[in-house]
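Student: I've got this model open and I'd like to learn how to read its loops and its pocket. Can we go through them together?

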Amino acid sequence: MNIKKIYCTLLILFACIIQTNAQEILTIEQAMTIALENNFEIKIAKNNSRISETNVTIGNAGMLPTATASIVDNNNLTNSTQVRQDGTSTTLNNAKNNSLNYGVSLGWTVFDGMKMFAKLDQLKELQKLGDAELKRTILVKIGQVNSAYYDLVQQQHQLAALDTTIVISNQRLTLAKNRFSIGKASKLEVLNAQVDLNSDQVAMLRQKESYANAKILLNQYLARDPKIDFKVTDEVNVDNKLVLADLMELAQKQNPALESQIINKRIAELQLKQVKADRYPLLRLTTGYNFAESQSSLGFTSENSSRGLNYGFNASMNIFDGFNQHRNEKVAKMQIENTQIAIEQQGMILNTQLSTAFQTYLTNLELIDLEEDNEAIARQNLEITLDKFKIGTITTIDFRTAQLNYVNAKVRYSNAQYEAKLSEIALKELAGTINF
């Protein structure tokens, strides 16, 4: 019989080991790597960045010549009558006439007021804008991954706290039953212990549901199957050495939202250059080689063919267009003013966000120390209360109060770490310094 029990125990232990190993331990570094590879919004932003990069060509800026091949074939059947000067006439029904023209033409704009060079510079700035948008998307998504990950960490802490209180509640129920059986406690004490245990188990179920949903959300950010199970590490390492002045300095250089506004101003300035280019002459060289053939069933000439080279140039210049040139330049200048205002506005918003987030960060750092002390005091208080409860020198209400105080202290300590980590992530996201 003892051998059977040992065998069953080993089987259960082996099954638990297999189940534990089956769960992936996902680190925050692995989560960020998976997100960078799989996240749909990051993939779209990467493709948009590649599109902007692909568009940066001298051909797209209009600097290269264009060549066109063409062919035109016309055929018709007509009933024709020709009357000559001497009065004679010729009539032909279903007279066939056709003409065939084909050739190659080449055109090249050699001067357009430097518009093409401004266009090329603008395409390069649009590429930078795409890169800034990609960086913004990555920072936002990596920030979401970090927030979701550390939310799971603090929820794991809450599960551990609830598991501890269930163990204690089970001990309390066992003690109450033992005391009732020997006549040292009433049935009411047993019922109260059972009710409190049931309440703890309900809280555990709710927390497990929240934990499972948080896993699904993180899997969504990682763009993988929501049913993939995993565990996260238990540590929350908060960087407590951030300095507001350093963050503000970095944000002025690296914040993608501010960077985008600065690029938009440069794009607007290049747009003004392109508009001003319309004041200058436009010079275009043209050349080509054409073939022409025609046949006529009626007339003095039955067949005709020609071929040859043509070349030349055309030049044009806007002299007066109803003051539209002046209007377009005025609008382009106002667009530049708007982009400058947007830069100043974004800078103020950024400084405000950094200042408020940093104040929250400092508060949360203080709360970590405070809640850590509270958790240690609540644990010590629970240990003393449990010892007194075992010997019957304390009421069940006082014991339950100490028990709940300990659980709440552990939860608050975990929340303080989580909130501080969120503040750190928010600050680094604004400063553009999240390490991925």
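Tutor: Sure. Helices (H or I, at least four residues) and strands (E, at least two) are DSSP runs, numbered from the N terminus. This is a predicted model, where local features need pLDDT of at least 70, side-chain atom pairs count only at pLDDT 80 or more, and totals for chains, interfaces and linings use all residues. Residues are numbered from 1 along each chain as its sequence is written, and side-chain values use heavy atoms, with hydrogens and water left out.

Student: Where does Ala 223 lie?

Tutor: In the loop between α5 (187–221) and β4 (230–232). Ala 223 isn't a glycine, yet its phi is positive, about 55 degrees.

Student: And is Phe 323 buried or exposed?

Tutor: Buried means under 20% relative accessible area, exposed over 50%, partly exposed in between (1.4 Å probe, protein chains only). Phe 323 is exposed at 61%, while Ala 223 is partly exposed at 22%. Phe 323, also not a glycine, has a positive phi of about 65 degrees and sits in the loop between β6 (303–316) and α8 (324–390).

Student: Which helix gives the most to the lining of the largest pocket?

Tutor: A pocket, on a 1 Å grid over the protein atoms alone, is an open set of points where a 1.4 Å probe fits, with protein on both sides within 12 Å along at least five of seven lines; lining residues have an atom within 4 Å of a point. Here α2 gives the most, with 5 residues. α2 (28–38), α4 (115–181) and α9 (396–431) each supply at least two lining residues.
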